[in-house]
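Student: I would like a close look at a single part of this model, namely its salt bridges, with the surroundings of each pair described as carefully as the model allows. Could you take me through them in one connected account?

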Amino acid sequence: MPQPSTTDRVHRLVPSPAGRVHLVEQGTGPLVLLVHGFPESWYSWRHQLPALAAAGYRAVAVDVRGYGRSSRPEAPSAYRILELVEDNVAVVKALGEESAIVVGHDWGANIAAVSALVRPDVFRAVGLLSVPYAPRGGPRPSEIFAQMGGDEEFYVSYFQEPGRAEAEIEPDVRGWLAGLYAALSADTMPAPGAPDPHFVSPGGAQRDRFPTGRLPHWLDEHDLDLYAGEFERTGMTGALNRYRNMDRDWEDLADHDGAPITQPSLFIGGGRDASTTWLADAIAAYRTTLPGLLSSHLLDDCGHWIQQERPEDVNRILIDWLARVTSDK
């Protein structure tokens, strides 16, 4: 398959176990697969694609199953993490490659981590943004989430029932996305002590706690229109189904209980992101859980949408790490 030039950004549809994966590709060189999180798309990597291409890499950002122009199976169980790993493998093979470096953000970080864990023959290094690696273990996830928040409901539990979160989001996708992006961005998140947008009051909606009135600095009206347009076209169910498989993932990965990821790895987190503060113990355990860790960073005054909030810092760290990984090979 011909590869695009450094300056071209090429859209492709490639075959996958569910039907197709939409991807956006730029550059030539070692393959770097970029996997987005919720509620985003390939577009969340718009700043990384040209930077990685200019640094000598074949950068490929996918629409995860359920998003954008990728396939959206109806069955919720089709979104279990091992199926998404196989989508990643299918992309690598469809692009004519034998292996890749995989980098993920948010849910994409979990997908990237499990890809490296269960298919080390394909994924030779892994970069994790915002969400730390925590090996499978402990109680069933739904039991943990049900105990969080006291009288309030943790958002992951809120997302479990098919149709429930959709009924909140889909009447005003653009407004809901704007509120969520602002709620988890360093420059627009609620002040300390304000009601936490990760929890839902009894009888309330998640958006009740979202800030209103301005967009975070990294998101302009065009960006918001693009994200909203995709979800208005596809609906939210495919994206939300990832949350509805956490217990299935826990069951599917039983043979990997407590398992480390041994390939060369990277972690970048936001200093003001709940994902890094709540999972501080997971970061502290990296010597055991990520023995191949080459680089770990917490960016001060940065929220959850890390590669969009701080693209220059993330690009610099990624490129430095990739140089070490590829030179080691």
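Tutor: In this predicted model, a search of the whole structure finds 23 salt bridges. One of them joins Glu 86 and Arg 119, whose closest N and O atoms are 3.6 Å apart; because Glu 86 belongs to helix α2 and Arg 119 to the loop between α3 and β6, the pair ties together parts that are 33 residues apart in sequence. Glu 86 counts as partly exposed at 33% relative accessibility, and Arg 119 likewise counts as partly exposed, at 22%.

The helix that comes before this loop, α3 (residues 107-118), is mostly covered, ten of its twelve residues being buried, and these buried residues pack against β3, α2, β5, β6 and α10.

A salt bridge also forms between the side chains of Glu 98 and Lys 93, at 3.5 Å from N to O; here Glu 98 is exposed, with a relative accessible area of 59%, whereas Lys 93, at 38%, is partly exposed.

In the salt bridge between Asp 257 and Arg 136, the closest N and O atoms are 2.6 Å apart, and this pair links distant parts of the chain, with Asp 257 in the loop between α10 and β9 and Arg 136 in the loop between β6 and α4, 121 residues apart. Asp 257 is partly exposed at 44% relative accessibility, while Arg 136, at 19%, falls under the 20% cut-off and therefore counts as buried.

Finally, salt bridges also link Arg 12, Glu 25, Arg 58 and Glu 97 in a network.

Technical notes:
Residues numbered from 1 in each chain as written. Predicted model: local features only at pLDDT ≥ 70, side-chain atom pairs only at ≥ 80, totals over all residues. Heavy atoms only, no water. Helix = DSSP H or I, 4+ residues; strand = E, 2+ residues; numbered from the N terminus. Expected span 1.5 Å × (residues − 1). Buried < 20%, exposed > 50% of the residue type's maximum accessible area, 1.4 Å probe, protein only. Contact = heavy atoms within 4.5 Å. Salt bridge = Lys/Arg side-chain N within 4 Å of Asp/Glu carboxyl O.
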